[in-house]
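Thanks for asking me to look over this one. Here are my notes, set out as numbered points so that you can follow along with the structure open beside you.

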Amino acid sequence: MNLDTVSVTRAHGGTQHVVRHDSRETGTPMTFSIYLPPQAQGGTNCPVVWYLSGLTCTHANVTEKGEFRRACAELGLIFVAPDTSPRGPDVPDDEAYDFGQGAGFYVDATEPPFAANFRMESYIIAELPEIVAAEFPADMARQAITGHSMGGHGALTLALRHPGRYRSISAFAPIVAPSQVPWGEKALGRYLGSDRAKWRSHDAVALIEDGARVPELLVDQGEADNFLAQQLQPERLERACMQAGIELRLRMHPGYDHSYYFISTFMADHLRWHAERLAAD
């Protein structure tokens, strides 16, 4: 595979890499970051935590603000953060921040002009894991996924759509029912078409209502999040999990907003939670 190493930086005894490659799925260059803990330096294969970012973000937001490296170094976790969409002058875009480049919603678009490049589900589920498995000391039998906002939606839906792929799933302030809120209605409508029945397979609450199952979920949500009432609505996920018998640990935090101040505060908790479930058999 033809990978271009943008940077390698020493951190907490491990190494933080930023890598660029030409993607077969998106037809564009794609950039991701990957932290290798000290345990991986000697060639030991380590479990992988995938982090999916939110609207407007790239790989850089969590890499620079997420405060994950100390915990990953202690726990022996590889941490991978892809971009949120294809990018480039020839990639379809939109003037609004919540659609187009920076807002791939982790689906494979079926509608023109987005279908050719916006194949983020296939990129996250197939192409990027192949690269990580081939080029880095990753134990692909032990994978976890988490994400924030749009990326929380991605973490929940990809885990529900691909049962057994991830040993553990968590999210920070996720969009739990995108087919019922403005962000998701806009994105799913334009990426997947006007038939709302097709949206259900990319909506965590609808997937659970329609029979998809995971053993358990961890979700953190700030009560001062200005998107809470209109876009996030974690009570919908709580209700769906209760009816389906899925163990949901939903933690509401007074005073916390939607920012990386919130995410970084609870990042180590999530990583410890994942590490327990990623422990070797």
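1. How many bridges join strand 4 to strand 5? There are three, and the two strands run parallel. Please keep in mind throughout that this is a predicted model. For one pairing to find on screen, look at Val-48, which stands opposite Ile-78 in strand 5.

2. Strand 4, which covers residues 46–52, also pairs with strand 6. Six bridges join strand 4 to strand 6, and this pair runs parallel too. Two positions make handy landmarks here: Val-49 stands opposite Ala-144 in strand 6, and Leu-52 stands opposite Gly-147 in strand 6. Strand 4 itself is mostly covered, with seven of its seven residues buried.

3. Strand 6 deserves a moment of its own. The strand spans residues 138–147, and eight of its 10 residues are buried, so strand 6 is largely enclosed by the rest of the structure. Besides its bridges to strand 4, strand 6 is joined by two bridges to strand 7 (residues 168–172), again in parallel. If you want to trace that pairing, start from Ile-145, whose bridge partner in strand 7 is Ile-169.

4. Which helix goes with strands 6 and 7 in a β-α-β unit? That is helix 5, residues 150–161, and the unit is right-handed. A good residue to click on is Ala-155, which lies in helix 5. Ala-155 has a relative accessible area of 0%, so this residue counts as buried. Leaving out residues up to four places away in sequence, Ala-155 touches Leu-52, Ile-145, Thr-146, Gly-147, Ile-169 and Ser-170. Two of the residues on that list, Ile-145 and Ile-169, are the bridge partners mentioned above. Ala-155 and Tyr-51 are 104 residues apart in sequence, yet their C-alpha atoms are 7.9 Å apart in space.

5. Now to Thr-31, which you will find in strand 3 (residues 29–36). Is this residue buried or exposed? Thr-31 has a relative accessible area of 14%; the cut-off for buried is under 20%, so Thr-31 is buried. Setting aside neighbours within four places in sequence, Thr-31 is in contact with Val-18, Val-19, Arg-20, His-59, Pro-82 and Asp-83.

6. Asp-83 comes up again with Asn-61: the two are 22 residues apart in sequence and 9.7 Å apart in space, C-alpha to C-alpha. Asn-61 sits in helix 2 and is buried, with a relative accessible area of 18%. Not counting residues up to four places away in sequence, Asn-61 touches Gly-66 and Tyr-260.

7. Some backbone details are worth a look. Most residues other than glycine have a negative phi, and most peptide bonds are trans. Glu-67 has a phi near 55°, a positive value in a residue other than glycine. Gln-233 also has a positive phi, of about 50°, although it is not a glycine. Where are these residues placed? Glu-67 is in the loop between helix 2 (59–65) and helix 3 (69–75), while Gln-233 is in the loop between helix 9 (228–232) and helix 10 (234–244). Their surroundings are worth comparing: Glu-67 is exposed, with a relative accessible area of 57%, whereas Gln-233 is buried, at 11%.

8. The peptide bond from Pro-112 to Pro-113 is another spot to inspect. This bond is cis, with omega near 0°. Pro-113 lies in the loop between strand 5 (78–82) and helix 4 (120–135).

9. Finally, the largest pocket. How much space lies in it? The figure is about 230 Å³. The lining is made up of 14 residues, and Leu-55, Thr-56, Cys-57, His-148 and His-258 lie nearest the centre of the pocket. By class, the lining has seven nonpolar, six polar and one charged residues.

Key. Residues numbered from 1 in each chain as written. Predicted model: local features only at pLDDT ≥ 70, side-chain atom pairs only at ≥ 80, totals over all residues. Heavy atoms only, no water. 1 Å grid on protein atoms, 1.4 Å probe; cavity = no way out; pocket = protein on both sides within 12 Å on 5 of 7 lines; lining within 4 Å. Points joined across faces, edges and corners; volume = space filled by probe spheres on them. Nonpolar A, V, L, I, M, F, W, Y, C, P; charged D, E, K, R; others polar. Buried < 20%, exposed > 50% of the residue type's maximum accessible area, 1.4 Å probe, protein only. Helix = DSSP H or I, 4+ residues; strand = E, 2+ residues; numbered from the N terminus. Pairing = 2+ DSSP bridges. Right-handed = clockwise from strand over helix to strand, strands pointing away. Contact = heavy atoms within 4.5 Å.
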